[in-house]
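Student: Could you take a close look at one helix for me and tell me how it sits among its neighbours?

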Amino acid sequence: MTFELADVAVVAPQSSQRAQSAPKIRRAAIMGNFPPRMCGLATFTRDMYACLSRALPKAGWRVVAMNDPNGAYDYPDVVTDQIAQNDPEAYRRLAASLNADGIDVMFVQHEFGIFGGPAGEYLIECLERLNMPVVTTLHTVLETPNDDQKRVMAALIRVSSTLITMAERGAKILREVYKVPDAQILVVPHGAPSRPLGDTERFKEVFGVGGQKTLMTFGLLSPNKGIETIIKALPDILDSTPDLSYLIVGATHPHLVASQGEAYRDSLMDMARQLGVEDHIVFVNRFMDDAELIDILQATDIYVTPYLTETQITSGTLSYALALGRPVVSTPYWHAAEALADGVGIICPFEDSAAFAHEISNLLTSDEHRAAMSQRAYDYARPSRWSAVANSMSTAPPLISTRETSRPETSREVP
């Protein structure tokens, strides 16, 4: 079965007879952040909508965009609804509207910070009122939730027919911490673009780093990215590779700008000056569209994600880098530890600049080593291409199950 037709059945996991007579997907909705809001979840929601709408070309769609307290955005025409994050009544009105519109399935992109109320509990005000199945993609799965997060997660489990996580570690936490049955969990890789594995040099010319070796970090700039770890490693890396540029790509996180302006970026520049490496760092202070991001990734010899904590279940930037065949050196946050195993990439301890310098230097000085790692990354990431993600979601039983048969009759208590 594939998502080529719009008459995909809404199937129940326990009953093939029910699956044959289950309702069809004629109307669907997807909820999350959406561009031009600048964050990875907005990009993911847009790409997931594009993936599913192409797979279901005859289905009608409602695209629900979350607005943060800063207000609304100039959304494209595909966005049909906007919800003010901190307006609980707006969530209830949305539920009533979706029910009245005969929506067959609701796809939710969940991150605690984008919904209003303690730990985003206003979202539950909507979901518990819906008449259709809810398929929830969990962009964060917390191993040690606080009381509010635990309560909201228990409710989210109760109202969701299917919980999607993008890593096996997420599925393990759902089973062991939240006691979610396997039948309710689906593991689907973070989607990523598809391009042929190509030579970096022709892309480097576009970004003004032709003839140089390149490192890159991408994403909204904030302290949790651990960029200091790489800046501190640069003096040692430059000893063996003096023709090096470190590309730090991405606008400063809007919330950080609102609270302290560009003070954090300025501190990184100060550190680079003090270490004498400022001429080897290129700040690209803007939010890139997909085409340009893919180009600059293809201009990258080594992609680095030196994040500071392990509790990141998925990284869109890591998924993109692997899909484009970039050798990756990273700290062992959950997604990286899983994705980079078996020689796909290299793991260094948190905040260990010396280890990063050693591993990066070894890669930069061996074209053969980099080429082999590039091919391993490219091959590993084949299941994460958006077309493969759509196929995976459509063939893994069940993606969507009827509310009556799949949801527990009572809410679970999270220990």
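Tutor: Here is a walk along helix α5 and what surrounds it. First, the ground rules: this is a predicted model, where local features need pLDDT of at least 70, side-chain atom pairs count only at pLDDT 80 or more, and totals for chains, interfaces and linings use all residues. Residues are numbered from 1 along each chain as its sequence is written, and side-chain values use heavy atoms, with hydrogens and water left out.

Helix α5 covers residues 147-159; helices here are DSSP runs of H or I with at least four residues, strands are E runs of at least two, and both are numbered from the N terminus. Its 13 residues, at 1.5 Å a residue, should span 18 Å, and the end C-alpha atoms sit 19 Å apart, so the two agree. That expected span is 1.5 Å times one less than the number of residues.

At the start of α5, a side-chain oxygen of N146 comes to within 3.1 Å of the backbone nitrogen of D148.

Now for the buried side of the story, where buried means under 20% relative accessible area with a 1.4 Å probe, protein chains only. In α5 that label goes to Q149, V152, M153, A154, A155, L156, I157 and V159. Those buried residues pack against strands β4 (105-110), β5 (134-138) and β6 (162-165), plus helices α4 (122-127) and α6 (168-176), with contact meaning heavy atoms within 4.5 Å.

For a second buried spot, try L318 in helix α12 (residues 316-323). L318 has a relative accessible area of 0%. Leaving out residues up to four places away in sequence, L318 touches V328, Y333, H335, A336, A339 and L340.

How values were computed
Buried < 20%, exposed > 50% of the residue type's maximum accessible area, 1.4 Å probe, protein only. Polar contact = N/O pair within 3.5 Å; in protein donor to acceptor, adjacent residues only side chain to side chain.
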